[in-house]
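The exercises below are to be worked through with the sequence and the model open side by side. Each begins with a task and is followed by a solution that goes step by step.

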Amino acid sequence: MGKYILKRFLLMIPTLLGVAVLIFFLMRVVPGDIVELRFSGESSFASKEMLDKERARFGLDRPLWRQFAEWMWGVVRFDFGTSMWTGSPIFEEIKLRFALSLQLAIMATIVAVLLAIPLGVLAALRQDTWVDYVVRIFSIAGIATPSFWLGIVFILGLLIVFKWLPPMVYTPFWVDPWQNMLQLIWPALAVGYRYSAVATRMTRSAMLEVLREDYIRTARAKGLVEKLILSRHALKNAMLPVLTVVGIEFAFLMGGLVVTEQVFNLNGLGLLFVQSVAHRDYTLTQALVLLVASVFIVVNFVMDLMYAWLDPRIRYR
Amino acid sequence: MAINPPADVAADLGPAEARHRWVAAALDFCRRRSLGAVGAVVVVVMILMALSATALAPYDPLAVDFGSMLSAPSAQHWLGTDSFGRDVLSRLIYGSRTALLVGFGAAFLGSTVGAILGVGSAYFGGRVDLYLQRVMDVFLSFPLIILALAIVAILGNSLQNVTMAIMVPMIPRCALVIRSSGLAIREMPYVDAARAAGFGHARIILRHMLPNVMAPFLIMLTAFLGQAILLEASLSFLGLGVQEPTASWGLMLRGAAVEFAETAPWMAIFPGLAISLAVFAFSLFGDSLRDALDPKLRSL
């Protein structure tokens with residue numbers, strides 16, 4: 001097991017390095033840089049010397065490999081530098097938004113699990129009946145409906161039916177949990193419904209597979225109550241693939257909520273990413289992408305370990 | 001297997017009879033997977049709508065009419081007008097062109113490139129496989145929308161570039177699936193035979209292996225179609241996709257649609273319904289196709 005963990009751990013390093021190289025050069029290929037953007041905003045004519053001086057201040061005049069090496073040296077010491085656009089430390093820029101995106105991702109995941117597991121189990125138990133079909137249509141509709149549009153419909157519905165709008169200004173959870181929940185529950189519902197779809201399908205097929213196992217027949221034969229068979233024997237064993245799907249989706253949610261954040265006026269990681277790309281804020285964009293990719297890679301790592309721990313066959317492959 | 005006529009039977013049949021087999025397979029699909037058939041019908045209707053947009057649309061989708069701004073659905077404008085007085089129905093019909101063009105373009109290109117990379121990776125194995133897989137890992141760890149955003153920022157946002165931006169994140173996802181099918185096919189005797197006959201790598205990959213991963217390829221392709229339409233809508237909604245005044249469903253939801261959502265809800269409701277219906281139809285069809293083509297999942 002130790003050898004497997006080490007091997008799997010070491011495999012994360014080239015992936016992360018690849019992400020770093022990719023985003024570093026992607027950003028430099030994007031036409032225009034922060035200095036040009038800054039000066040084009042002001043009406044005054046900027047001379048070439050001024051532009052060059054400003055570029056030198058950011059270190060953009062140095063050769064690319066050196067810029068990359070310096071950035072990497074910072075990254076390994078967890079020093080991401082300062083945002084080129086605002087001048088404040090990247091850590092400060094990301095901190096609050098990370099908390100917001102994390103909370104939203106957790107809430108959406110909870111919504112997704114609460115929808116997916118009962119629906120999936122129900123569909124599996126009533127396979128090929130109308131219940132199964134309704135669940136299937138419900139979950140495919142979830143995949144098909146853009147969560148940003150669902151968000152607009154939620155807001156519109158609340159406004160028309162209750163003459164009430166959710167708060168549009170973000171309150172951190174630790175300041176006022178009630179206000180915070182009032183605001184975040186809607187995007188969490190919109191996103192969670194969408195993400196429940198895949199987990200529902202997974203729960204259904206995993207349950208169907210498990211229900212055919214010998215140990216379920218044994219449990220039935222020895223006269224165990226059906227409820228116990230389902231909860232103790234079937235569901236427990238069917239949860240592994242479902243957990244994987246949920247975990248991977250959670251990792252994607254951290255960076256993938258760009259559009260939903262826009263609708264609900266949430267200042268999360270997604271919005272910050274769009275802004276940082278628009279500003280050609282290299283340092284901030286790079287840090288954000290590395291952060292989101294790390295979350296994804298680490299969640300995948302943990303999932304693999306969990307699998308290997310639960311299923312010893314994987315380790316020896 | 002509902003879709004493919006058995007090869008040995010098809011070989012003995014004349015072209016007319018072979019066609020008959022395909023019709024029978026399609027009918028069988030409709031009968032056994034009625035949900036999928038419904039999806040297919042909606043998709044076909046949508047394609048027809050996009051093709052005959054010029055004849056179907058009651059108004060010019062770009063014609064600005066400040067006399068009838070934000071007017072509610074009526075006999076003149078069935079689905080109302082937007083903040084420029086443009087007919088929402090006409091824009092929806094023309095928007096289906098954008099959605100289908102980007103959807104089919106991105107899904108087809110993305111899954112084709114992904115399939116070739118996946119099969120190649122499986123065929124060569126060893127170092128090539130290892131390095132290709134690491135590169136795929138890198139692309140996979142970017143959230144879909146972030147990768148697409150970065151590409152649009154680099155290329156600019158014309159219709160082709162948006163298609164490119166949506167296609168790129170699909171490549172590794174398809175390659176991953178196709179590779180695992182390809183690994184099994186590499187061990188098949190006919191691949192050994194082709195190698196023994198002295199065929200080149202390209203010929204073996206394209207002529208011998210690629211046709212045999214058709215089932216997972218079609219599954220990925222149909223799954224991507226809906227996703228590509230959704231991604232185009234998302235990018236356009238953010239203002240990073242197709243640009244005004246082109247009619248695009250995502251673009252119709254942007255700006256004024258949200259601002260005037262209370263007084264003119266038709267601007268926000270109908271484009272969203274169009275996106276949902278289109279993606280829903282593609283997903284229904286894709287899902288049923290997967291059930292029909294994938295023997296492992298069929299019994300479940």
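## Exercise 1: a helix and its cover

Task: In this predicted model, identify which residues of helix α6 of chain A are buried, and establish what covers them.

Solution. Taking the helix residue by residue, one finds that the buried residues of α6(A) are Val135(A), Ser139(A), Ile140(A), Gly142(A), Ile143(A) and Ala144(A). The next step is to look at what lies over these buried residues: the cover includes α5 (90-125) and α8 (177-211) of chain A, together with α12 (214-237) and α15 (266-293) of chain B. A last step concerns the length of the helix, which covers residues 130-144: at 1.5 Å a residue its 15 residues should span 21 Å, and because its end C-alpha atoms are 21 Å apart, the two values agree.

## Exercise 2: a pair of helices

Task: Determine how the axes of α9 and α10 of chain A are arranged, and which residues bring the two helices into contact.

Solution. Begin with the axes: those of α9(A) (residues 214-221) and α10(A) (residues 226-256) come within 10 Å and cross at roughly 155 degrees. Angles over 145 degrees count as roughly antiparallel, and α9(A) is therefore roughly antiparallel to α10(A). As for handedness, the crossing in which α9(A) passes α10(A) is right-handed. Turning to the residues, Tyr215(A), Ile216(A), Ala219(A) and Arg220(A) of α9(A) meet Ile229(A), His233(A) and Ala234(A) of α10(A). Sorted by class, the residues of this contact comprise 5 nonpolar, 1 polar and 1 charged.

## Exercise 3: the chain and its partner

Task: Describe the make-up of chain A, and then analyse the side of chain A that touches chain B.

Solution. Counting elements first, chain A has 13 helices and 0 strands. Its C-alpha atoms fill a box of roughly 85 × 60 × 35 Å along the principal axes, and 36% of its 317 residues count as buried. Among contacts in chain A between residues at least 6 apart in sequence, 73% join residues at least 24 apart.

For the contact between the chains, chain A supplies 37 residues and chain B supplies 35 residues. On the side of chain A, the elements that give two or more residues are α1 (2-29), α6, α7 (147-162), α8, α10, α11 (258-263), α12 (269-278) and α13 (282-310). The largest share of that side, 7 residues, comes from α1(A). By class, the side of chain A that touches chain B has 29 nonpolar, 7 polar and 1 charged residues.

Terms used:
Residues are numbered from 1 along each chain as its sequence is written. Chains are lettered from A and ligands numbered from 1 in the order in which they are written. This is a predicted model: local features need pLDDT of at least 70, side-chain atom pairs count only at pLDDT 80 or more; totals for chains, interfaces and linings use all residues. Axes are lines fitted to C-alpha atoms, for helices over the stretch in contact, and angles run from 0 to 180 degrees between N-to-C directions. Helices (H or I, at least four residues) and strands (E, at least two) are DSSP runs, numbered from the N terminus. Angles under 35 degrees count as roughly parallel, over 145 as roughly antiparallel, 65 to 115 as roughly perpendicular and the rest as oblique. A crossing is left-handed if the near helix is turned anticlockwise from the far one by less than a right angle, and right-handed if clockwise. Two residues are in contact if their C-beta atoms, placed from the backbone, lie within 7 Å. Ala, Val, Leu, Ile, Met, Phe, Trp, Tyr, Cys and Pro count as nonpolar, Asp, Glu, Lys and Arg as charged, and the others, Gly among them, as polar. The expected span of a helix is 1.5 Å times one less than its number of residues. A residue is buried if 20 or more other C-beta atoms lie within 10 Å of its own, exposed if 12 or fewer, and partly exposed in between; C-beta atoms are placed from the backbone.
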